[in-house]
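What can be read from the backbone, the strands, the helices and the charged side chains of this chain? The paragraphs below go through these topics in turn.

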Amino acid sequence: MQRLKLLGGASIETGAGPMTGKAVQRRRIALLALLAARRSSGMSRDKLISLLWPASEAERARALLSDSVYRVNQGFPTEVIQSVGDELRLNHAELPSDVAELDEALANQDHERVVSLYTGPFLDGFFLSESPEFE
């Protein structure tokens, strides 16, 4: 099973190692990180566009977001990014993340689990050029 790793870096881990390919390009990982950090709620397409493609024209940015959602979902057996009205949400059942697991361990006051899950700062060393709001 795949797992989104956002603490101490950013990658999608599989049984065979880190996932590679079009689904894990930088802005697509950033998209997944933004959605994973929202836990149970989604994020509007407009907000995602403003964070990930701030310098692009609106029509071009919407196309880039749609393509990113498509490419990410193509990398998995089932849909991991779901559209709910104008919002996008991460399907945590299909793509669990260390961030969600850490939040759950904190809520349950499972301190031992928190320590085992924390492998470094959120998105440590990860950046997007030309996206200052994402930083």
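In this predicted model, Glu130 lies in the segment after α5, and its backbone has a positive phi of about 60° although the residue is not a glycine. Glu130 is exposed, with a relative accessible area of 65%. A second non-glycine residue with a positive phi is Gln109, for which the angle is about 55°. Gln109 is placed in the loop between α4 and α5, and at 60% relative accessibility Gln109 counts as exposed.

The two helices on either side of that loop are also connected through their side chains. Arg113 forms a salt bridge with Glu101, and the closest N and O atoms of the pair are 3.4 Å apart. This pair links distant parts of the chain, since Arg113 belongs to helix α5 (residues 111-117) and Glu101 to helix α4 (residues 98-107), with the two residues 12 apart. Arg113 is partly exposed, its relative accessible area being 35%. The pair does not stand alone, for Arg3, Glu101 and Arg113 are linked in a network of salt bridges.

The N-terminal part of the chain contains an open sheet of three strands, in the order β1-β2-β3 and with antiparallel pairing. Because β1 (3-5) and β3 (17-18) stand at the edges, each with a single partner strand, one side of each is left without a neighbour in the sheet. Strand β2 (residues 11-14) is joined to β3 by two bridges, and these two strands run antiparallel. Within this pairing, Glu13 stands opposite Pro18 in β3.

Further strand pairing is found around strand β6. Strand β5 (residues 81-84) pairs with β6 in the antiparallel sense over four bridges, and Ile81 stands opposite Leu90 in β6. The two strands form a hairpin with two residues between them, and Gly85 in the turn has a positive phi of about 65°. Strand β4 (residues 43-44) is joined to β6 as well, by two bridges and again in an antiparallel arrangement, and the bridge partner of Ser44 in β6 is Glu87.

Which residues of β6 lie on its covered face, and which on its uncovered one? In a regular strand the side chains alternate between the two faces of the sheet. In strand β6 (residues 87-90), Leu88 and Leu90 make up the covered face, whereas Glu87 and Arg89 make up the uncovered one. The two charged residues of the uncovered face also meet each other, as the side chains of Arg89 and Glu87 form a salt bridge at 3.3 Å, N to O. Arg89 counts as partly exposed at 30% relative accessibility, and Glu87 likewise counts as partly exposed, at 27%. Glu87 thus has two roles in this description, as the bridge partner of Ser44 and as the salt-bridge partner of Arg89.

The helices α2 and α3 can be considered next. Two packed helices are described by the angle between their axes and the distance between the axes. The axes of helix α2 (residues 45-52) and helix α3 (residues 58-74) come within 10 Å and cross at roughly 100°, and α2 and α3 are therefore roughly perpendicular to each other. On the α2 side, the contact is made by Arg45, Asp46, Leu48 and Ile49, and on the α3 side by Ala61, Arg62 and Leu65. Sorted by class, the contact of α2 with α3 has four nonpolar, no polar and three charged residues.

Helix α3 also holds a salt bridge of its own. Side chains of opposite charge can pair when their charged atoms come close. Arg71 forms such a bridge with Asp67, the closest N and O atoms being 3.3 Å apart. Why can these two residues be described as one turn apart? Arg71 and Asp67 are four residues apart in helix α3, so they are separated by about one helical turn. Arg71 is partly exposed, with a relative accessible area of 28%, and Asp67 also counts as partly exposed, at 29%. A search of the whole structure finds seven salt bridges, and those described here include Arg71 with Asp67, Arg89 with Glu87, and Arg113 with Glu101.

Technical notes
Residues numbered from 1 in each chain as written. Predicted model: local features only at pLDDT ≥ 70, side-chain atom pairs only at ≥ 80, totals over all residues. Heavy atoms only, no water. Axes fitted to C-alpha atoms, helices over the stretch in contact; angles between N-to-C directions. Parallel < 35°, antiparallel > 145°, perpendicular 65-115°, else oblique. Contact = heavy atoms within 4.5 Å. Nonpolar A, V, L, I, M, F, W, Y, C, P; charged D, E, K, R; others polar. Buried < 20%, exposed > 50% of the residue type's maximum accessible area, 1.4 Å probe, protein only. Pairing = 2+ DSSP bridges. Salt bridge = Lys/Arg side-chain N within 4 Å of Asp/Glu carboxyl O.
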